[in-house]
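Student: I'd like to learn how names get attached to parts of a protein model. Can we go through it together?

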Amino acid sequence: MKREGGTPRLRRALSGVLSLASVALHVSAYAQPPPDTRSARERAPIDLTGQWVAVVDEDWRWRMVTPPVGDTSSLPVNERARAAAAAWNLERDKAEGNLCKAFAGPGLMRQPTRIRIDWEDDDTLRLEFDAGRQVRRLEAQWFRQTQSRGVFGQRTPPERGALVVRTTQLTGGYLRPNGVPFSERTTVKEFFNTFTLPGDAGAWLILTMVVDDPEYLTTELVVSSQFKKEASRGAWNPRSCDIAPPLRAPAPTPADPFAAAASR
């Protein structure tokens, strides 16, 4: 006679497996942390508030002066972007009221500017720039890197974190003040980190920016900018959008990428 349901030993084994699975599911559900109902301000792993001044210790020739017309060196731009940059005209931008295109989107964060960062409410950070008198409002989203310690990889709460900002629906503007364009299809991802150096070096803000523009870039543009925290807010110097005349020098070429710098 054929016995239904398998042997008693097999049935006991299956019963044990199902019991263990039930216990595992119960433990997993029990181990889930409760939802964090605190505001973004309460959850902040770092303090971004205060006044910060840009420290331009790299890319000086593209940030502190207006590069020559057509200078797109060090940017992963395509032929359309190079053509637009070569056709840029400062006087035309002035006449058409387009000077603030260099103070929009990713171009703003590369300006030699001061930034005042304050909480506008418990979930919104307000960034005010003296360069161009621009204002950004960010819905704070914090990223924490999970850390592992011990031989069993026990998870421990991280002590630090970063502010992560993703920006879309831009109106288009300039990556540089000499008319190198970014389009309305651009997506910008930013990571705000802070650290403090010993002695008089003070607190620093590091901004890493990833720019993705399928219209004008051949690959993602990744740049890093540094800002130092100021002890007071007395050096604040708000000014309207303005662009200095571009350097009158030959634009760099693949054969001579530092032509403008050499002739300055």
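Student: Why are cysteine 100 and cysteine 241 called a disulfide?

Tutor: A disulfide is a pair of cysteine sulfur atoms within 2.5 Å. The sulfur atoms of cysteine 100 and cysteine 241 are 1.9 Å apart, so the pair fits. This is a predicted model, where local features need pLDDT of at least 70 and side-chain atom pairs count only at pLDDT 80 or more, while totals for chains, interfaces and linings use all residues. Residues are numbered from 1 along each chain as its sequence is written, and side-chain values use heavy atoms, with hydrogens and water left out.

Student: What makes the disulfide right-handed?

Tutor: The torsion about the S-S bond of cysteine 100 and cysteine 241 is about 100°, so the disulfide is right-handed.

Student: Why is cysteine 241 called buried?

Tutor: Buried means under 20% relative accessible area, exposed over 50%, partly exposed in between (1.4 Å probe, protein chains only). Cysteine 241 has 10% relative accessibility, so it counts as buried.

Student: And what is cysteine 100: buried, partly exposed or exposed?

Tutor: Cysteine 100 has a relative accessible area of 37%, so it is partly exposed.

Student: How do you know how confident the predictor is in the chain?

Tutor: Look at pLDDT, the predictor's confidence in each residue, from 0 to 100. The chain averages 85, and 76% of the residues score at least 70. Over residues 147-154, though, pLDDT stays under 50. Where pLDDT is low, the predicted coordinates should not be read in detail.

Notes
Contact = heavy atoms within 4.5 Å.
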